[in-house]
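Student: I'd like a close look at one part of this structure, and then a walk outward from there. Could you take me through it step by step?

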Amino acid sequence: MVERYSRETMAKKWSTQAKYDAWLRVEKAAVVAWNKLGFIPNDACEKICKNAKFDISRIDEIERTTKHDVIAFLTSVSESLGEESRFVHYGMTSSDCIDTAVALQMKESLELILTDVDELLAALKARANEHKFTLCVGRSHGIHGEPITFGLVVANWFAEITRAKELLQHALKSVSVGMISGAMGNFAHAPLELETLVCEELNLTPAPISNQVIQRDRYAQLFAALAILASSCEKIAVAVRHFQRTEVYEAEEFFTPGQKGSSAMPHKRNPVLSENITGLCRVIRSFFTPACENVALWHERDISHSSVERFILPDAFITTDFMLFRLTNLVKNLVVYPENMLKNLNLTGGLVFSQRILLELPKQNVSRETAYKIVQRNAMKVWQDLQNGRSALNEKGESLYLLHLLADEELTANLSEEKIRECFDYGYYTKNVSAIFARVFGEN
């Protein structure tokens, strides 16, 4: 399957057109609110709502003189109106318009991100159920531990992305606030009711208190949530990169017909998508630091945050949107090799069953210290066998570890051969998979 990213919606949300569209929505909402409060006449309100518009090239022209984007915007809007233009921006300061408009952009963009996350979660859930009982080896420190299933691996990813979604939902609530509180946030020139009506019109919540800006800790929460999401997505990408390593080769990215991996080595099939995702996630996380530094502004406001947000807001949302699209397709099309997973599970000659033996001996009144010595000394013999090139399984399919254990007289004095062989059952390690899935996915 060829991956194609065709969604232009997110980029459009942060275009110059979208910015001024949002500004105009706020200004019109304020006019409607003033009308409801009896200040702006009905005919003036109707004319403004119907006729108010802007011209981007005209705004640019005016701004070259004013050096003030909001004044340039308002001048352009006023040129599309008659004498009723005197009511536009009445009792407001620039940030009343800008910050409330940015809240609209962030809200809509974050809702799209949450849709992306839902698509990723659906893909993860499907692959987890597909490989619910696909045996593979669990690793710690990169070394084989005990048998697990690939479904459990993917279910763990699902649970982590679900937590990231919860943070995003909290951030959505935090940034979906507007303000029409005036130059210093004291409502000196407009009543609190005006802000309430404007926010109702725009489907935002009024900020309980503001100064000349909406406080940037709200934005920092947003970028923290995006950063954590990116870290969890990178976790998946790094795992795929590991699985695709030639020595492991338990799963790999889908390699499309005609795709090339190297200009010099025709045999290469590289994890380019997951490597790309790793890089994108690093970029997304990098936006968190400047977002935090934007929280501390001089007194009631300065504009040190403004230039930063012109970069980090569109870039963070657009990059996250694309990254999630790419990761979702990677998960959907990931090629899984159960046979190689089983082969790797047997690679260490049965050492993955060592804890099972260890836990059986105390039941027979053997101290843990003695049990550990018995189990470990036989495990070390297997490592030596493997170093000497001995096959992990004999011709009967019996593992090296099993053979050494059966030959250990101290062990067999406490455990029967039947009991020792019983400890080499993979089913013992999958007996709780369904219960774990029920906890993760909320299903029986």
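Tutor: Happy to! Let's begin at a strand pairing: Ser-140 has Ile-143 in β2 as its bridge partner. Keep in mind that this is a predicted model. The pair belongs to a wider arrangement, in which β1 (residues 135–140) and β2 (residues 143–149) run antiparallel and are joined over five bridges. Two residues lie between the strands of this hairpin, and His-141 has a positive phi near 60 degrees there. As you look along either strand, it helps to recall that side chains in a regular strand alternate between the two faces of the sheet.

From the hairpin, let's move to the largest pocket. Its space comes to about 570 Å³. The lining is made up of 23 residues, and those nearest the centre are Lys-19, Asp-69, Ile-98, Ser-306 and Arg-310. Four elements each contribute two or more residues to that lining: α2 (16–36), α5 (69–78), α6 (94–130) and α12 (304–333). By chemical class, the lining holds eight nonpolar, eight polar and seven charged residues.

One of those helices, α5, deserves a longer stop. Seven of its 10 residues are buried, so α5 is largely enclosed by the rest of the structure. The buried ones are Asp-69, Val-70, Ala-72, Phe-73, Leu-74, Ser-76 and Val-77. Among the elements covering them are α2, α4 (56–66), α6 and α12. Asp-69 thus appears in two roles, as a buried residue of α5 and as one of the residues nearest the pocket centre. When you read the pattern along the helix, remember that an α-helix has 3.6 residues a turn, so residues three or four places apart point the same way.

Follow the chain on from α5 and you come to the loop between α5 and α6, where Thr-93 sits. Thr-93 has 14% relative accessibility, and because the cut-off for buried is under 20%, Thr-93 counts as buried. Leaving aside residues up to four places away in sequence, Thr-93 touches Gly-182, Ala-183 and Gln-212.

For a contrasting loop residue, try His-299, which lies between α11 (288–293) and α12. With 73% relative accessibility, His-299 counts as exposed. His-299 and Met-184 are 115 residues apart along the chain, and 10.0 Å separates their C-alpha atoms. So which of our two loop residues is buried and which is exposed? Thr-93 is buried, whereas His-299 is exposed.

Notes: Residues numbered from 1 in each chain as written. Predicted model: local features only at pLDDT ≥ 70, side-chain atom pairs only at ≥ 80, totals over all residues. Heavy atoms only, no water. 1 Å grid on protein atoms, 1.4 Å probe; cavity = no way out; pocket = protein on both sides within 12 Å on 5 of 7 lines; lining within 4 Å. Points joined across faces, edges and corners; volume = space filled by probe spheres on them. Nonpolar A, V, L, I, M, F, W, Y, C, P; charged D, E, K, R; others polar. Buried < 20%, exposed > 50% of the residue type's maximum accessible area, 1.4 Å probe, protein only. Contact = heavy atoms within 4.5 Å. Pairing = 2+ DSSP bridges.
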